[in-house]
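Grab a pencil and work through these exercises with the structure open beside you. Try each task before you read its solution.

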Amino acid sequence: MKPVKVGLLGLGTVGTGVVRIVEGHQEDLQSQVGSPISISKILVKDRSKSRSIAVDASKLTEDPWEIVRDPEIDIIVEVMGGIGSTKEYILEALERGKHVVTANKDLMALHGQEILAKASEKGCDVLYEASVAGGIPIIRTLIEGFSSDRITKIMGIVNGTTNYILTKMSQEGAAYADVLKEAQALGYAEADPTSDVEGLDAARKMTILATLGFRSNVALDDVDVRGISSVTQEDIQYAQRLGYEVKLLGIAERQDDFISVSVQPTMIKKSHPIASVNGVFNAVYVYGEAVGETMFYGPGAGAMPTATSVVSDLVAVIKNSKLGVNGRQAALTYKEKKLKSDEQIASRYFLLLHVEDRAGVLAQIANVFSRVEMSIESVMQPAAPDQYGAELIITTHNASKASLNQVLGEFEKLSAIRRVKSVYRVEG
């Protein structure tokens with residue numbers, strides 16, 4: 001049997017995992033696709049570098065075009081990351097009729113529709129399961145498993161670094177800065193953790209999920225993003241007293257064909273399944289009109305979980321080739337994108353206020369809510385943090401984002417409110 005020849009762009013953590021699986025599971029893979037799979041060329045930055053896996057030196061190259069333009073290579077597997085030059089390699093590969101498997105969330109979030117359109121034009125596959133939630137097969141599920149349903153909401157923990165930090169803060173009472181240092185030491189967070197802790201990584205993944213779930217061309221700029229760097233131990237303790245956990249949630253919603261997508265630290269009821277997802281694990285909760293509620297849980301990163309998704313896509317491409325159906329499963333958008341206005345985005349909210357400790361303050365605050373027609377669910381006054389003021393915890397009934405912004409604007413005019421310390425969306 002003629003082997004299927006694969007070109008691998010990148011031999012880092014995930015690339016090494018791909019080689020291990022393809023070489024170590026060759027018999028199982030052959031039984032699925034009917035032919036051997038051969039990684040014939042591998043792009044590396046330095047051919048002389050020592051590696052954790054034995055690789056035939058003749059397969060290594062430092063020139064990506066040597067792989068992309070090789071007529072013997074059938075499939076390109078991209079696990080090198082990056083956007084600009086990586087996009088060029090992928091588009092050139094598609095132009096030459098090669099199929100592509102990628103784990104590149106940044107590239108697919110920013111240029112996915114252009115790449116998928118080129119793939120459709122050339123009759124090629126572009127599969128990218130590993131770009132979101134590591135080893136969880138959520139992308140294929142959205143494309144195929146929910147093909148007969150209408151998805152109304154996708155909510156998930158899609159960044160393991162932030163979930164690890166918030167779990168430690170919740171379970172051990174640790175401070176944010178201390179847990180971040182620990183996460184960096186363990187390799188869960190980068191030296192520059194901005195992309196993770198400020199929600200940018202999660203936003204890119206939610207861009208992909210929302211585009212697939214709603215079949216609209218959602219852009220990264222459409223995502224309302226807020227990270228976890230402002231989350232305090234005080235916030236988490238108050239949330240727990242009220243029966244909530246704080247999680248960085250990506251939330252994509254659709255109502256009457258209008259959509260909204262956000263990433264923000266959110267208070268979610270402890271009884272909700274996502275509230276119990278801890279450590280570096282990910283989970284994606286999908287709401288469908290027909291199926292109801294479903295949850296997908298598993299490791300969100302790591303060499304072998306991510307490599308497993310990559311190789312699963314590789315198998316799918318080869319099977320499609322055998323069936324002659326390459327290029328027919330591209331999840332191209334066909335619905336006009338209609339974004340919700342702030343008046344249409346609704347949620348419950350938690351507010352923590354530092355106020356003057358004197359008579360009449362609560363009445364002033366209640367009057368603001370009344371004028372805006374925003375309904376209060378509960379008010380709690382914990383023990384005063386100091387002798388010069390008081391804290392008020394207010395939770396609201398469902399209200400629009402526009403109403404919340406109006407309330408916060410009115411609070412700035414009240415001298416009795418020293419500071420709005422925290423504002424969180426509430427789910428569950």
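**Exercise 1.** How do the residues of the lining of the second largest pocket divide into nonpolar, polar and charged? Place this pocket in the fold as well.

*Solution.* Keep in mind throughout that this is a predicted model.

- Step 1: start with the classes. The lining splits into 11 nonpolar, 6 polar and 9 charged residues.
- Step 2: get the volume, which comes out at about 470 Å³ for the second largest pocket.
- Step 3: find the middle. The pocket is lined by 26 residues, and Asp224, Ser262, Gln264, Tyr349 and Lys401 sit closest to its centre.
- Step 4: name the elements. Strands S8 (223-225), S10 (258-269) and S17 (417-427), along with helix H14 (401-411), each give two or more residues to the lining. S10 gives the most, with 6 residues.

**Exercise 2.** Now describe the largest pocket in the same way.

*Solution.*

- Step 1: the volume of the largest pocket is about 1,400 Å³.
- Step 2: its lining is made up of 50 residues, and Thr13, Val14, Lys105, Glu190 and Ala301 lie nearest the centre.
- Step 3: sort the lining by class, and you get 18 nonpolar, 18 polar and 14 charged residues.
- Step 4: look for the elements that supply at least two lining residues. Among them are helix H1 (13-24), helix H5 (105-122), helix H10 (200-214), strand S11 (281-288) and helix H12 (303-323).

**Exercise 3.** Is H10 mostly covered or mostly open, and which core does H10 feed?

*Solution.*

- Step 1: check the geometry. H10 has 15 residues and spans 21 Å from first C-alpha to last, close to the 21 Å expected at 1.5 Å a residue.
- Step 2: count the buried positions. H10 is mostly covered, with 14 of its 15 residues buried.
- Step 3: turn to the largest nonpolar core. This core has 72 residues, and Val126, Ile138, Leu142, Ile165 and Leu209 have the most contacts inside it. H10 gives the most to this core, with 8 residues.
- Step 4: follow one of those well-connected residues. Beyond its neighbours within four places in sequence, Leu142 touches Ser147, Ile151, Ile154, Leu209, Leu212, Arg215 and Val286.
- Step 5: see what comes after the helix. Arg215 follows H10 and has a positive phi, near 60 degrees.

**Exercise 4.** Which residues of H12 are buried, and what phi does Gly324 take just after H12?

*Solution.*

- Step 1: H12 has 21 residues and reaches 30 Å between its end C-alpha atoms, close to the 30 Å expected at 1.5 Å a residue.
- Step 2: the buried residues include Thr306, Ala307, Val310, Val311, Asp313, Leu314, Val317 and Ile318.
- Step 3: recall that an α-helix has 3.6 residues a turn, so residues three or four places apart point the same way.
- Step 4: just past H12, Gly324 has a positive phi of about 70 degrees.

**Exercise 5.** Are Glu253 and Pro299 buried or partly exposed?

*Solution.*

- Step 1: Glu253, in strand S9 (residues 244-255), has 14% relative accessibility, so Glu253 counts as buried.
- Step 2: its contacts beyond four places in sequence include Thr152, Lys153, Phe214, Lys340 and Arg425. Thr152 is 101 residues away along the chain, yet the two C-alpha atoms are separated by 5.8 Å.
- Step 3: Pro299 belongs to strand S12 (residues 292-299). Its relative accessible area is 33%, so Pro299 is partly exposed.
- Step 4: with neighbours within four places left aside, Pro299 contacts Ala133, Gly134, Gly135, Ile136, Phe281 and Pro305.

Definitions and conventions: Residues are numbered from 1 along each chain as its sequence is written. This is a predicted model: local features need pLDDT of at least 70, side-chain atom pairs count only at pLDDT 80 or more; totals for chains, interfaces and linings use all residues. Side-chain values use heavy atoms; hydrogens and water are left out. On a 1 Å grid over the protein atoms alone, a cavity is a set of points where a 1.4 Å probe fits but cannot get out, and a pocket is an open set with protein on both sides within 12 Å along at least five of seven lines; lining residues have an atom within 4 Å of a point. Grid points are joined across faces, edges and corners, and a volume is the space filled by probe spheres set on the points. Helices (H or I, at least four residues) and strands (E, at least two) are DSSP runs, numbered from the N terminus. Ala, Val, Leu, Ile, Met, Phe, Trp, Tyr, Cys and Pro count as nonpolar, Asp, Glu, Lys and Arg as charged, and the others, Gly among them, as polar. The expected span of a helix is 1.5 Å times one less than its number of residues. Buried means under 20% relative accessible area, exposed over 50%, partly exposed in between (1.4 Å probe, protein chains only). A nonpolar core is a set of buried Ala, Val, Leu, Ile, Met, Phe, Trp, Tyr and Cys residues joined through side-chain atoms within 4.5 Å. Contact means heavy atoms within 4.5 Å.
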